[in-house]
Structure formats: structure tokens, C-alpha cells
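Thank you all for making the time this morning. I would like to walk you through one model, element by element, and I will put it on the screen before I say anything about it.

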Amino acid sequence: MTHPSDVLLGAQAQAGFLPVCDHYSGVEARMRKSLQLQAELTEEFGACVFDVTLDCEDGAPVGGEAEHAALVVELANAAGPGARVAVRVHPVDHPAFEQDIAIIAGQAGRRLCHVMLPKVESSNDIDAAVQALDAAGAGHLQLHVLLESPAAVHRAFDIASHTSVQSISFGLMDFVSAHGGAIPSVGMGIDGQFTHPLVVRAKLEIASACHANGKVPSHCVVTEFKDKAAMLAAARRAADEFGFTRMWSIHPDQIRPILEAFAPGEHEIEIASDVLVAAAAADWAPISHRHKLEDRASYRYYWQVLQRAHRTGRRLPETVQPWFEHENTSRRQAV
């Protein structure tokens with residue numbers, strides 16, 4: 001049976017997929033716990049369902065940046081072979097930026113899945129980071145960038161077009177405070193961030209820029225991490241209404257709600273499986289399924305549903321499991 005990925009074109013310029021959750025921690029005990037939790041959930045779901053980003057920007061104490069960078073190197077190099085570990089370095093204009101890159105990318109670049117670059121204002125900042133990575137012998141690493149100001153959001157399409165950028169995240173808190181009080185504090189809350197026009201516009205600009213350039217839009221933090229129901233509702237809005245395919249977590253309790261919100265439901269998985277199996281049997285020609293015309297456009301959508309289900313550890317029907325056997329084998333060997 002022909003594999004769907006050999007027949008169906010991906011989304012516009014799509015460069016690949018990432019886990020739907022990006023978990024941040026910067027304190028040593030929490031960083032170690034995050035890596036342990038990642039390994040536990042990988043075993044539970046049969047896939048690495050979230051990234052762990054070790055944080056230097058907010059995690060490193062003032063004056064202790066080099067020591068914190070060395071700790072990140074230790075943790076990244078000690079992580080299991082199937083782990084996905086990233087680092088958030090200081091901004092390019094921070095005195096510790098080049099040191100971060102030299103130490104972390106230079107000594108643990110082969111173990112990192114990407115580097116998160118905060119406070120990006122233009123593609124010039126990305127060029128500076130690429131040069132630093134090249135100098136550290138880690139030019140292969142993709143950059144995830146964080147847009148945190150009105151000017152940066154204005155340049156979202158230009159930034160998303162940069163070949164070294166894999167994902168763009170939205171920095172809600174800094175974006176709101178950058179408006180000098182023009183956006184009230186509710187704009188940073190779990191409800192206001194989805195309703196205030198300027199915040200909504202920024203999120204849509206980032207999501208649109210990413211999808212136009214085949215990059216991954218990553219939704220901002222939700223600070224009300226103790227309210228799991230509210231967290232789940234916010235994650236669902238980010239995915240269903242704003243077009244984000246990934247989201248930040250800042251507390252372990254947020255990881256499972258994000259996975260649930262970004263995973264397709266059982267009914268959607270069932271429909272996608274039925275349509276694709278029937279399409280494959282028809283050599284991917286148009287078919288009638290449940291009295292509805294289906295063709296290559298809908299096949300591509302349903303294949304993306306199954307890929308997202310697989311990345312979030314959902315159970316897939318036996319009829320489509322062979323399409324994922326190679327990837328499953330690779331993951332079992334890596335863990």
C-alpha cells in the first residue's frame with residue numbers, strides 16, 4: 001500500500017512537525033524533574049510528546065550565567081537518547097548571549113533539538129544568532145524565536161521567512177507591557193488574552209506568518225496554572241480558534257491539558273482513518289465516503305489529523321498503524 005506521505009503534499013512550505021507542548025524550566029531541581037517527566041511520558045505514550053526547554057534567560061542568576069550554562073550542558077548531555085532537549089539563551093544584545101552559545105551549543109549542540117532566541121526584533125537578530133552558532137560549531141541547530149514587542153509582531157512575516165527559523169512563539173507578558181499601559185492587565189489573563197483586539201491581532205499575525213512559511217506557531221504561556229479546566233479551555237482556543245499547533249507549559253500540571261487540547265478526538269481519528277484507508281484502496285483517486293466527496297485536499301487534511309494523533313500519543317486504529325510502524329520502531333530504539 002502506497003504511503004500517504006509519498007502521495008499527499010504537505011502544508012504550504014511545511015518543514016516538519018514538532019511536539020505540541022514546549023515545557024520551560026530554569027531552576028535546577030525543576031529542570032531535572034522535567035527531564036524525568038519527559039522520559040516517563042515517552043514510555044507511557046510511546047512517543048516524546050513534549051520538549052523540555054532549559055531556560056537561561058529567566059533561570060540564570062545575575063552574575064552566575066556561565067555556571068548556569070554549564071549546568072544546562074550537563075543536563076542536556078546526560079539526557080536519554082530519545083529525549084528532546086532545547087535551551088533558551090539570553091537575547092542577542094545581552095552580555096551573556098555569546099557566552100551562552102559558546103558554552104551550550106559548543107559543548108552540547110549535538111544533544112539539543114533547537115535553540116530558543118528571546119526578544120527577537122528583526123531578522124538581523126536571527127543572523128547574529130546564526131553566526132554565533134556557526135562559530136560554536138553548531139550551525140545545524142534550528143532557531144525558535146520569541147516575538148515580544150509590537151515592532152517584532154509587525155515584522156512577523158519577514159522573521160518567519162528566515163531559513164533558520166523553525167518556530168515562532170508569542171511573548172504575551174512583554175507584549176502587553178510594551179504598550180505603556182494602553183492594554184489593561186486583563187490582556188495578560190486567561191480570558192483577556194483571547195479577547196483584547198491588540199493581543200488577538202498579534203496572535204493571528206504570528207500564526208498566519210508561520211503557516212504562510214511552513215513554520216510552527218507556538219502559543220504563549222497561561223499563568224493560571226493551578227486551574228486545569230481553564231488551562232484546557234485556553235489550550236483548545238489556541239488550537240481551534242487561533243491556529244496554533246504548539247503551546248508553552250511553565251508547570252508540569254499544564255502538560256497533559258495541552259496534549260489533550262491539541263490532540264484530535266477519537267471520532268475525528270476514526271473518520272480520518274476510514275477515509276484514508278478507502279482512498280488508498282482507490283489509489284488516491286476521488287471517492288464517495290458517507291455520501292460526501294473526498295479528494296486529495298481532504299486526504300491531506302485527514303493525514304495531518306493522524307500525524308497529530310500519533311505525535312500526541314493517541315491510539316490509532318489497526319488499519320492505519322502500518323503507516324507509522326517505521327517511526328514507532330525508530331522511537332523504541334531511541335528510548
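Let me begin with a single residue: in which strand is leucine 112 found? Leucine 112 is found in strand β4, and please keep in mind throughout that what you see is a predicted model. With a relative accessibility of 8%, below the 20% cut-off, leucine 112 counts as buried. If we set aside its neighbours within four places in sequence, leucine 112 is in contact with Ala76, Val85, Ala86, Val87, Ile104 and Leu141. Its C-alpha also lies 9.6 Å from the C-alpha of glutamine 142, although 30 residues separate leucine 112 and glutamine 142 in sequence.

Widening the view to the strand as a whole, β4 covers residues 112-117 and is mostly covered, with 5 of its 6 residues buried. Strand β4 pairs with β3 in the parallel sense over 3 bridges, and in that pairing arginine 88 stands opposite methionine 116 of β4. On the other side of our path through the sheet, β3, which spans residues 85-88, pairs with β2, residues 50-55, again in the parallel sense and over 4 bridges. Within that pair, threonine 53 has alanine 86 of β3 as its bridge partner.

These pairings belong to a closed arrangement, in which 8 strands form a barrel in the order β1-β2-β3-β4-β5-β6-β7-β8, with parallel pairing. From one strand to the next, the twist averages 25 degrees.

Where does the barrel close, in terms of individual residues? Strands β1 and β8 pair in the parallel sense over 3 bridges, and histidine 23 has serine 249 in β8 as its bridge partner. Strand β8 is also joined to β7, with which it runs parallel, by 2 bridges, and here serine 218 has arginine 246 of β8 as its bridge partner. As general background, the side chains of a regular strand alternate between the two faces of the sheet. In β8 both faces are covered, since Arg246 and Trp248 on one side and Met247 and Ser249 on the other are all buried.

Let me turn to the helices that lie on the strands. Helix α9, residues 197-212, lies across β5, β6 and β7, and runs at about 170 degrees to β6. Helix α11, residues 255-262, packs on the sheet and touches β1, β2 and β8, and its direction makes about 170 degrees with that of β8.

The helices also pack on one another, and I have two pairs to show you. In general, two packed helices are described by the angle between their axes and the distance between the axes. For α3, residues 65-78, and α4, residues 97-108, the angle is about 20 degrees and the axes are 9 Å apart. The two are therefore roughly parallel to each other, the cut-off for that term being an angle under 35 degrees, and α3 passes α4 in a right-handed crossing. The residues that α3 brings to this contact include Ala76, while those from α4 include Ile104, and both Ala76 and Ile104 are also contacts of leucine 112. By class, the residues of the contact of α3 with α4 divide into 9 nonpolar, 3 polar and 2 charged.

The second pair is α10, residues 228-240, with α11, where the angle is about 40 degrees and the axes are 8 Å apart. That makes α10 oblique to α11, and their crossing is right-handed. Met231, Leu232, Ala235, Arg236, Ala238 and Ala239 of α10 meet Pro257, Ile258, Glu260, Ala261 and Phe262 of α11. This contact of α10 with α11 has 9 nonpolar, no polar and 2 charged residues.

I will finish with two backbone details that you may wish to look at on the screen. Most residues other than glycine have a negative phi. Lysine 119, however, has a positive phi, near 50 degrees, and lysine 119 is found in the loop between β4 and α5. With a relative accessibility of 35%, lysine 119 counts as partly exposed. Tryptophan 284 likewise has a positive phi, near 65 degrees, and lies in the loop between α12 and β9. Is tryptophan 284 buried or exposed? Tryptophan 284 is buried, with a relative accessible area of 5%.

Note on methods. Residues numbered from 1 in each chain as written. Predicted model: local features only at pLDDT ≥ 70, side-chain atom pairs only at ≥ 80, totals over all residues. Heavy atoms only, no water. Pairing = 2+ DSSP bridges. Axes fitted to C-alpha atoms, helices over the stretch in contact; angles between N-to-C directions. Contact = heavy atoms within 4.5 Å. Parallel < 35°, antiparallel > 145°, perpendicular 65-115°, else oblique. Left-handed = near helix turned anticlockwise from the far one by under 90°. Nonpolar A, V, L, I, M, F, W, Y, C, P; charged D, E, K, R; others polar. Buried < 20%, exposed > 50% of the residue type's maximum accessible area, 1.4 Å probe, protein only.
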